[in-house]
Amino acid sequence: SLSYSSKSSFFHSFLSSTSLLQIFSDRETMAGGRIRRRLHLNNIYAFTCRKSTFQEDHSQIGGPGFSRVVYCNEPNSPTAERRSYAGNYVRSTKYSPASFVPKSLFEQFRRVANFYFLVTGILSLTPLSPYGAVSALLPLGFVIAASMVKEGIEDWGRKRQDIEVNNRRVKVHGGDDGIFREEEWRELRVGDIVRVEKDEFFPADLLLLSSSYEDSVCYVETMNLDGETNLKVKQGLEATSSRLHEDSDFKEFKAVVRCEDPNADLYTFVGTLHLEEQRLPLSVQQLLLRDSKLRNTEYVYGAVVFTGHDTKVIQNSTDPPSKRSRIERKMDKIIYMMFSIVFLMSFIGSIIFGIETREDRGGKTERWYLKPDNAEIFFDPERALMAAIYHFLTAVMLYSYFIPISLYVSIEIVKVLQSIFINNDILMYYEETDKPAHARTSNLNEELGMVDTVLSDKTGTLTCNSMEFIKCSVAGTGYGRGVTEVERSMAMRSGGSALVDDLNVVADRSGPKIKGFNFQDERVMKGNWVKQREAAVLQKFFRVLAVCHTAIPERDEATGAISYEAESPDEAAFVVAARELGFEFFSRTQNGISIRELDLATGQRVEREYRILNVLEFNSARKRMSVIVRDEDGKLLLLSKEADNVMFERLAKDGCKFEEKTREHVNEYADAGLRTLILAYREVDEEEYVEFSKNFNEAKSSVTEDRESLIDEITDQMERDLILLGATAVEDKLQNGVPDCIDKLAQAGIKIWVLTGDKMETAINIGFACSLLRQEMKQIIINLETPHIKALEKAGEKDVTEQASRESVVKQMEEGKALITRGPSDTDSHEAFALIIDGKSLTYALEDDFKNKFLDLATGCASVICCRSSPKQKALIFFYFF
C-alpha cells in the first residue's frame with residue numbers, strides 16, 4: 001500500500017494506510033530511583049480498575065482456548081522452556097530467502113500473458129516451432145527477471161523495517177541480580193520482566209505490574225492499533241503495585257499467569273495471576289499491547305505474556321497480499337480476448353489445413369512453398385487430423401506476437417519511476433510530523449486515481465479533536481459570546497459579508513488564548529457569577545465541571561502552573577473551563593479530589609474536598625458519565641453529564657424547571673456546530689447508596705459474559721430522577737484545508753460519506769462548513785421525528801413503535817430513490833443529492849431486508865451523512881457496503 005503525507009492533515013489521514021514507525025532512544029534511569037506521584041486512583045476508574053475477587057467463572061482457565069501459562073521472571077526454567085512459545089522476532093516480508101524464487105515465479109505466472117508466453121516458449125523447443133526458441137524465451141526471461149528484481153527490492157525495504165523494529169532495545173530484568181539490562185526486542189521471551197520508559201513503544205503484549213504512579217496507573221496511546229489519539233488509562237493490580245516499586249524489588253519476584261491463548265481481540269483479555277497463594281483475576285485493563293506507546297508516565301514494569309506473532313496486533317495483521325491493480329486485471333481481460341481471437345484464427349486455419357491435406361492423396365500438393373517433402377507428419381494425407389492439430393499449435397505460436405509482451409515491461413518501468421517521483425515529491429511532505437510520502441510498493445500506483453467513495457469519521461479526521469469550551473446554558477440562561485467556524489459559514493450562506501465582519505469583531509475580543517477555553521462573558525467571568533440571580537445553580541454547574549471527570553492534574557515545578565491529562569479532549573476542556581471560571585481542580589488522592597472555589601456566602605476563595613465513592617464511566621452505549629461523591633457536609637451527591645437525548649428522559653418531575661429553555665439553547669448550539677452535553681445532579685439517600693454499592697461491587701467482580709450488562713442495569717437505576725443544571729457547548733475546529741480538499745474531491749466525482757455521532761443539526765451545519773454540503777444540493781433527510789412516531793414512543797408500545805418506524809424508514813428511502821431517478825423534465829439532470837440519515841433510522845435501514853435498498857439510495861447521492869451513529873453502525877456500514 002501507499003502511505004502519503006500532505007499539507008492538509010485531513011488529506012494525509014485519508015491517504016495514509018500505514019503508520020511510519022519511529023525509534024525512540026531509551027531514557028537513563030533517573031537518580032534516586034522511583035518517582036513517586038502521590039496519586040491513588042483505585043476508585044476513579046470504577047468499572048475496570050477496582051479490586052475484584054476471584055470467581056468460579058474463572059474455571060475456564062486451563063481449558064481449551066485458555067491454556068497459556070506464563071512463569072513471570074523465570075523464562076529459563078525447564079517448565080517454561082518445555083512450552084516452546086514463539087519468539088519475539090516479527091517478520092512482515094512477503095518472501096523469505098528460500099521461498100523467494102518459487103513464490104515470485106508463481107506471482108509472475110499468475111499473469112495471463114506470462115503464462116501464455118511460457119506455454120509458447122516450451123512449444124518453441126519442439127519441431128513444431130516456426131522460429132527459434134531463443135526468440136521466444138529471451139523476452140519472457142527478461143520480463144520475469146525485471147519483475148522479480150522489482151519485487152525483491154520492495155521486499156528488501158520491508159526487511160529493513162523488520163530489522164529496525166526487531167533491533168529496538170528495551171530494559172529486561174537480568175535474573176537473580178535485580179539489574180535491568182538493555183536487550184533487543186527480538187531476544188524477549190515469554191515471562192521476561194521489562195521496564196518501558198516514557199514515549200517508548202511496548203515490545204510485546206505485557207501484563208502491567210507497576211508504574212511511576214503509586215497505583216500503577218499509566219497512559220497509553222493506541223494510535224497504531226485503532227487510530228485513536230486519545231490516551232487510554234491502564235492500571236495494574238494492587239497486589240503487584242504495592243510491592244514492586246524499584247528495580248531491586250524484582251530480585252525475588254515470582255508469579256504465574258494463566259490466561260487465554262493468543263487471539264486477535266484487542267479489547268478482551270481473561271486470565272488469573274497466581275501470586276503467593278492468591279489467585280487474582282486479570283482483565284484487559286492490565287494488558288499493554290505491542291506497538292502502543294507509553295505516554296505521560298515516566299516508566300512501567302511489565303511481564304511479557306505474548307511475544308512475536310502471538311501478540312494481538314500481529315494476530316490482527318495478515319500476510320502481505322499479492323496486490324493487483326485494476327488496470328492489470330483489465331489487461332488480463334484484454335489478453336483473454338486477444339487469445340480468443342488467436343485461438344479462433346488458428347482453429348479455423350487448422351480445419352482448412354486438415355481438409356486440404358486430406359485431399360492430397362495422389363501424392364501431389366499445390367502448397368509447394370511449404371516444402372512438404374521435408375516434413376513427415378505435417379502433410380501426411382493418411383494422418384490429416386494430426387496434421388491439423390500440429391498446424392494449430394504452430395499457428396498459435398506464430399500468432400503469439402499479437403499479444404505484446406513488451407507492454408508489461410513498459411508498465412513495470414513506469415510504475416517504478418512513479419514511485420520514485422512520489423517519494424521525492426516535496427508537495428507531499430507533511431511538515432508538522434516530518435513525514436514524506438513513501439511508496440512501499442509500486443503495484444497500486446494507478447489505484448490512487450480510481451477512488452470513487454471515501455468513508456470518513458468526523459472527530460479527528462475532518463476536525464482537529466482539540467475541544468474548546470465556548471458556550472454554556474445554565475438555569476435557562478445562555479452564556480458565551482464566542483463565534484464558531486460554522487456560524488461564520490452560516491453567515492456567508494445567508495449572504496451577509498457585513499454580518500461576517502460583525503462576527504469577526506466579536507471573535508477578536510476573545511483576548512489571550514487558553515488551550516481548551518474560548519469562552520467570553522463578563523456576567524460570569526472573574527467571579528461575577530455570584531451576582532447573578534441563579535448564582536446557586538451556577539455554583540452547582542461549575543462544581544460538576546470541576547468534579548465529574550477522571551482527569552489528572554500535573555503541576556509544573558518551575559512555574560507552579562497546573563495542566564490536566566484526560567482520556568478525552570472534552571474532559572480536559574471542561575476542567576480548564578471550571579478553572580477559568582473560578583473552580584480550580586488542583587489535587588486528586590485515593591479518596592477524592594480537591595478544588596478551590598468561591599464561597600457563595602462569603603465571596604472568599606476556599607478549598608473544598610469531595611470524596612469520590614464511584615465513577616460510572618462513559619461509553620458509546622450509555623452516552624453518559626457520572627460520579628458519586630460525598631461533600632464536606634456529609635451529603636451524598638450524584639453528578640452527571642450526558643447526551644441530551646439521554647438526559648432529558650432521566651430528569652425528575654421537579655428537576656426539569658429549565659428544560660424548555662435548555663432545549664432551545666442546545667438546538668442553537670447544535671446549529672452552530674457545537675458538541676453539547678447536559679449537566680445534572682441529585683442527592684442520594686444513604687440507604688439507597690448502600691444497596692447500590694453492594695450490587696455495583698458484585699457486578700464489577702463478576703467475570704461472566706453479561707458483566708457489562710449487569711453494570712449498566714445497576715447504574716441505569718441510579719442515574720435517574722436528576723435535577724437539570726444546564727448544558728455545555730464545545731467546539732472541535734476543522735483541520736486546515738479540509739473544505740478545499742473536500743471540494744476538490746467532489747469536483748473529481750468522488751462521493752464522500754461522513755459517519756458521526758453528532759446531532760443531525762450539528763452534522764448538517766458542519767457539512768456546510770467543510771463543503772460536504774452545498775447550497776445547490778437537494779437534501780434527502782431520513783429520520784423518525786414525526787408526530788406519529790413520537791406519540792407511539794410516549795405510549796410505550798415497543799413492538800408497534802418498531803413496526804411503524806421500520807415502515808416509515810422504508811417509505812422515506814423509496815421516496816428519496818424516486819426523487820433521484822425522476823426524469824430531467826422534473827429536475828435538473830445535473831443536480832446533486834445529499835443523503836442525511838440519523839442513527840435510529842439507520843438501525844432499520846441496515847437490516848438484511850432493506851440494506852440493499854439503502855445502498856442503492858446512498859450510492860445515488862454525492863454526499864452521505866450518517867449522524868447519531870454508534871460505533872457498531874459505523875462498522876456495519878463498512879462491512880456491508882465496502
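Q: How many salt bridges does the count come to?
A: This is a predicted model: local features need a pLDDT of at least 70, side-chain atom pairs count only at pLDDT 80 or more, and totals for chains, interfaces and linings use all residues. Residues are numbered from 1 along each chain as its sequence is written, and side-chain values use heavy atoms, leaving out hydrogens and water. A salt bridge needs a side-chain nitrogen of Lys or Arg within 4 Å of a carboxyl oxygen of Asp or Glu. By this rule, the number of salt bridges is 52.

Q: How far apart are the closest N and O atoms in the salt bridge of K150 with E151?
A: Relative accessible area sorts residues into buried (under 20%), exposed (over 50%) and partly exposed (in between), with a 1.4 Å probe and protein chains only. K150 is buried at 8%, and E151 is buried at 10%. Their salt bridge has its closest N and O atoms apart by 4.0 Å.

Q: How many residues apart in sequence are the parts that K458 and D758 tie together?
A: The side chains of K458 and D758 meet in a salt bridge with an N to O distance of 2.9 Å. Helices (H or I, at least four residues) and strands (E, at least two) are DSSP runs numbered from the N terminus. K458 lies in the loop between strand 16 (453-457) and strand 17 (463-474), and D758 in the loop between strand 28 (751-755) and helix 21, so the pair ties together parts whose separation in sequence is 300 residues.

Q: Is E607 buried or exposed?
A: R596 and E607 meet through their side chains in a salt bridge of 3.3 Å, N to O. The pair links distant parts of the chain, with R596 in strand 22 (residues 592-598) and E607 in strand 23 (residues 605-616), eleven residues apart. With a relative accessible area of 51%, E607 is exposed.

Q: Which residues are linked in a network of salt bridges with R624 and E642?
A: Some charged side chains are joined in a group as well as in pairs, and R624 and E642 belong to such a network of salt bridges. The other residues linked in it are R650, D716, E719 and R720.

Q: Why is strand 5 largely enclosed by the rest of the structure?
A: In strand 5 (residues 193-197), I193, R195 and E197 point one way, while V194 and V196 point the other way. Strand 5 is largely enclosed because, of its five residues, the number buried is five.

Q: Which residue of strand 14 stands opposite R195?
A: Two strands pair if DSSP finds at least two bridges between them. Strand 5 runs antiparallel to strand 3 (residues 169-173), joined by two bridges, and V172 stands opposite V194 there. Strand 5 also pairs with strand 14 (residues 299-306) in the antiparallel sense over five bridges. In that pairing, R195 stands opposite Y301.

Q: How far apart in space are V305 and I193, C-alpha to C-alpha?
A: V305 sits in strand 14 and is buried, with a relative accessible area of 1%. V305 and I193 are 112 residues apart in sequence, and their C-alpha to C-alpha separation is 9.8 Å.

Q: Which residue has its backbone oxygen 2.8 Å from a polar atom of the N765 side chain?
A: N765 belongs to helix 21 (residues 760-769) and is buried at 8% relative accessible area. The backbone oxygen lying 2.8 Å from its side-chain polar atom is that of D671.

Q: About what area does the nonpolar surface patch with I348 have?
A: I348 lies in helix 9 (residues 326-358) and counts as partly exposed at 42% relative accessibility. Patches are made of residues with over 30% relative accessible area and no salt bridge, joining like charges within 9 Å and nonpolar side chains (Val, Leu, Ile, Met, Phe, Trp, Tyr) within 5 Å. Areas come from the Shrake-Rupley method with a 1.4 Å probe, and for residues only the protein chains shown count as cover. F339, F343, L344, F347, I348, I351, I352 and I355 make a patch of about 720 Å².

Q: How much of residues 388-409 is helix?
A: An unreviewed UniProt entry places the feature "transmembrane region" at residues 109-125, 334-355 and 388-409. Residues 334-355 are 100% helix and 0% strand, with end C-alpha atoms 32 Å apart. For residues 388-409 the end C-alpha atoms lie 34 Å apart, strand makes up 0%, and the helix share is 68%.

Methods:
Polar contact = N/O pair within 3.5 Å; in protein donor to acceptor, adjacent residues only side chain to side chain. UniProt positions renumbered as here; feature names shortened; annotations may be inferred.
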